[in-house]
Amino acid sequence: TSGRLYRSSRLSDLTPSDGERLRFMNLAAIVDLRRCNERRREPSKRWAGFSVPVIENSIDGFSSCADDP
């Protein structure tokens, strides 16, 4: 559905059923607002055939989590 924004809680808790629902939503992008240490501690799960661009938060001053000491 075009022009809509959906908010989720924890994609680290994604079930296979949840993944199927998201797959059929044809999302244009996922924006992950968590800090690097949060993404490392609880990585998001992906569904079968996942190909959605993921935009990650860099508020902690690092261009990627690989740069985070």
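**Group meeting: a walk through a predicted 69-residue chain**

Let's start in a loop. Proline 53 sits between α2 and β2. Helices and strands here are DSSP runs numbered from the N terminus, helices being H or I over at least four residues and strands E over at least two. Proline 53 counts as partly exposed because its relative accessibility is 47%. The cut-offs: buried is under 20% relative accessible area, exposed is over 50%, and partly exposed lies in between, with a 1.4 Å probe and protein chains only. The C-alpha atom of proline 53 is 7.3 Å from that of alanine 28, and the two residues are 25 apart along the chain.

A word on the source. This is a predicted model, in which local features need pLDDT of at least 70 and side-chain atom pairs count only at pLDDT 80 or more, while totals for chains, interfaces and linings use all residues. Residues are numbered from 1 along each chain as its sequence is written, and side-chain values use heavy atoms, with hydrogens and water left out.

Now the layout. The chain has two helices and two strands. Along the sequence they run α-β-α-β. How much of the chain is buried? Of the 69 residues, 22% count as buried.

Next, strand β2, which covers residues 54–56. Isoleucine 55 lies in this strand. Isoleucine 55 is partly exposed, because its relative accessibility is 47%. Together with Val31 and Leu33, Ile55 makes a nonpolar surface patch of about 320 Å². Patch residues have over 30% relative accessible area and no salt bridge; nonpolar side chains (Val, Leu, Ile, Met, Phe, Trp, Tyr) are joined within 5 Å, like charges within 9 Å. The areas come from the Shrake-Rupley method with a 1.4 Å probe, and for residues only the protein chains shown count as cover.

Glutamate 56 also lies in β2. Glutamate 56 is partly exposed, because its relative accessible area is 44%. Its C-alpha atom is 6.0 Å from that of valine 31, across 25 residues of chain.

Valine 31 brings us to the largest pocket. That pocket holds about 1000 Å³ of space. Tyr6, Arg7, Ser8, Leu11 and Val31 are the closest to its centre, out of 31 lining residues. How is a pocket found? On a 1 Å grid over the protein atoms alone, a pocket is an open set of points with protein on both sides within 12 Å along at least five of seven lines; a cavity is a set where a 1.4 Å probe fits but cannot get out, and lining residues have an atom within 4 Å of a point. Points are joined across faces, edges and corners, and the volume is the space filled by probe spheres set on them.

Which elements supply the lining? α1 (16–23), β1 (30–32) and α2 (36–41) each give at least two residues. The lining divides into 13 nonpolar, six polar and 12 charged residues. Nonpolar covers Ala, Val, Leu, Ile, Met, Phe, Trp, Tyr, Cys and Pro; charged covers Asp, Glu, Lys and Arg; the others, Gly among them, are polar.

On to charges. Side chains of opposite charge can pair when their charged atoms come close. The structure holds five salt bridges, each a side-chain nitrogen of Lys or Arg within 4 Å of a carboxyl oxygen of Asp or Glu.

Take aspartate 32 and arginine 34, with N to O at 2.8 Å. Aspartate 32 is buried, because its relative accessible area is 10%. Arginine 34 is partly exposed at 23%. Elsewhere, Arg10, Asp13 and Glu42 are joined into one network by salt bridges that share partners. Within that network, arginine 10 and aspartate 13 meet at 3.4 Å, N to O. Arginine 10 is partly exposed at 44%, and aspartate 13 is partly exposed at 45%.

Then helix α1. Arginine 23 and glutamate 20 form a salt bridge, with the closest N and O atoms 3.0 Å apart. Why about one helical turn between them? Because arginine 23 and glutamate 20 are three residues apart in α1. Arginine 23 is partly exposed at 34%; glutamate 20 is partly exposed at 33%.

Two last stops. Asparagine 26 is in the loop between α1 and β1. Its phi is positive, about 50°, although it is not a glycine. Asparagine 26 is exposed, at 64% relative accessible area.

Finally, arginine 41, in helix α2. Arginine 41 is exposed, because its relative accessibility is 55%. Arginine 41 and serine 12 are 29 residues apart in sequence and 9.6 Å apart in space, C-alpha to C-alpha.
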